[in-house]
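Colleague: I'm new to this one. Can you walk me through it?

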Amino acid sequence: GELVAQMHDDLYDGLKEEIEEGVNILLERGWTPYRVLTEALVEGMRIVGIDFRDGILFVPEVLMAANAMKGGMFILRPLLAETGAPKQGKMVIGTVKGDIHDIGKNLVSMMMEGAGFEVIDLGINNAVEKYLDALKEHQPDILGMSALLTTTMPYMKVVIETMKELGIRDDYIVLVGGAPLNEAFANAIGADAYCRDAAVAVETAKTMLA
Ligand code: B1M
């Protein structure tokens with residue numbers, strides 16, 4: 001409706017307080033946190049992405065939009081996490097080296113937590129050593145990697161190849177995601193699965209652990 005369209009505009013304009021207010025209003029109206037997330041925030045960011053691509057928006061504006069989106073996600077995070085889902089397993093996740101995009105990864109983390117997974121989030125710009133240290137320290141069931149740039153997605157292969165060299169590749173389920181990826185790429189680099197979005201990541205993780 002009207003409010004959601006307004007929120008798409010507010011996200012575009014990087015208006016954090018307005019986004020937070022909009023999120024709260026939709027929740028008061030009885031929307032589920034997931035619906036607010038997908039229809040108001042993710043869809044708004046999709047529109048931003050189009051104008052970024054077309055040179056209508058630039059990095060500073062897109063950073064403001066990302067910041068507004070994070071404000072909304074901050075409100076939704078505890079609501080998505082408190083579903084009381086039974087404990088499922090553990091995941092280490094991070095954005096790969098050279099890449100600072102984190103909204104999608106954060107969303108995957110939130111949804112995985114909501115589904116009962118323990119998530120260790122390594123943040124952005126992770127070199128292979130960071131992933132390996134975290135695997136050793138936390139012994140997760142799943143390694144998740146995110147990349148948003150065609151120039152950084154090949155780094156996922158570096159991580160998987162290093163795991164193979166160390167003989168630990170098959171100790172983990174490796175899930176990958178990010179806008180420029182696809183299933184063929186995931187197969188080619190030796191990941192276990194490509195996850196189109198956060199909901200698919202949750203379903204894939206559950207299926208593979210079952
Ligand atoms: Co960037 N950027 N950006 N950017 N940015 C893209 C990715 C781009 C497609 C925009 C465009 O041109 N249309 C383009 C990449 C082009 C390409 O490689 N082919 C691009 C570019 C070029 C750049 C810079 C190089 C721009 C510049 O400096 N000239 C630069 C690079 C910086 C770097 O990383 N080294 C840059 C910078 C930025 C900002 C800092 C301004 C900002 C990031 C802020 C932040 O993240 N904190 C930004 C943003 C916001 C975007 C767009 C507009 C939106 C990304 C986003 O948050 N989407 C993006 C356009 C686009 O993607 N169409 C773009 C919302 C999010 C919910 O979706 O991240 O796809 P997504 O995550 C989804 C799924 O992909 C999946 O689930 C998520 C939730 O459903 N998923 C996973 C993601 N990770 C997963 C991991 C998993 C599973 C599923 O593991 C199990």
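**Fold and ligand**

Modeller: A right-handed β-α-β unit is built from β1, α5 and β2. Right-handed here means the path from the first strand over the helix to the second runs clockwise, with the strands pointing away from the viewer. Helices (H or I, at least four residues) and strands (E, at least two) are DSSP runs, numbered from the N terminus. This is a predicted model, and local features need pLDDT of at least 70. Residues are numbered from 1 along each chain.

Colleague: Parallel or antiparallel, how do β1 and β2 pair?

Modeller: Strand β1 (residues 89-95) and strand β2 (residues 117-121) pair in the parallel sense, over 5 bridges. Pairing takes at least two DSSP bridges.

Colleague: What stands opposite V92?

Modeller: I120 in β2 does.

Colleague: Switching to the ligand. How many residues surround it?

Modeller: The ligand has 33 residues around it, each with a heavy atom within 4 Å. I100, H101, D102, S146 and T150 are the closest.

Colleague: Which helix gives the most to that shell?

Modeller: α4 does, with 5 residues.

Colleague: And which polar contacts does the ligand have?

Modeller: Polar contacts are pairs of N or O atoms within 3.5 Å. Among them, a backbone N or O atom of I100 is 2.8 Å from a ligand oxygen atom. For T150, a backbone N or O atom lies 2.9 Å from a ligand oxygen atom. H101 uses a side-chain N or O atom, 2.8 Å from a ligand nitrogen atom.

Terms used. Predicted model: local features only at pLDDT ≥ 70, side-chain atom pairs only at ≥ 80, totals over all residues. Heavy atoms only, no water. Polar contact = N/O pair within 3.5 Å; in protein donor to acceptor, adjacent residues only side chain to side chain.
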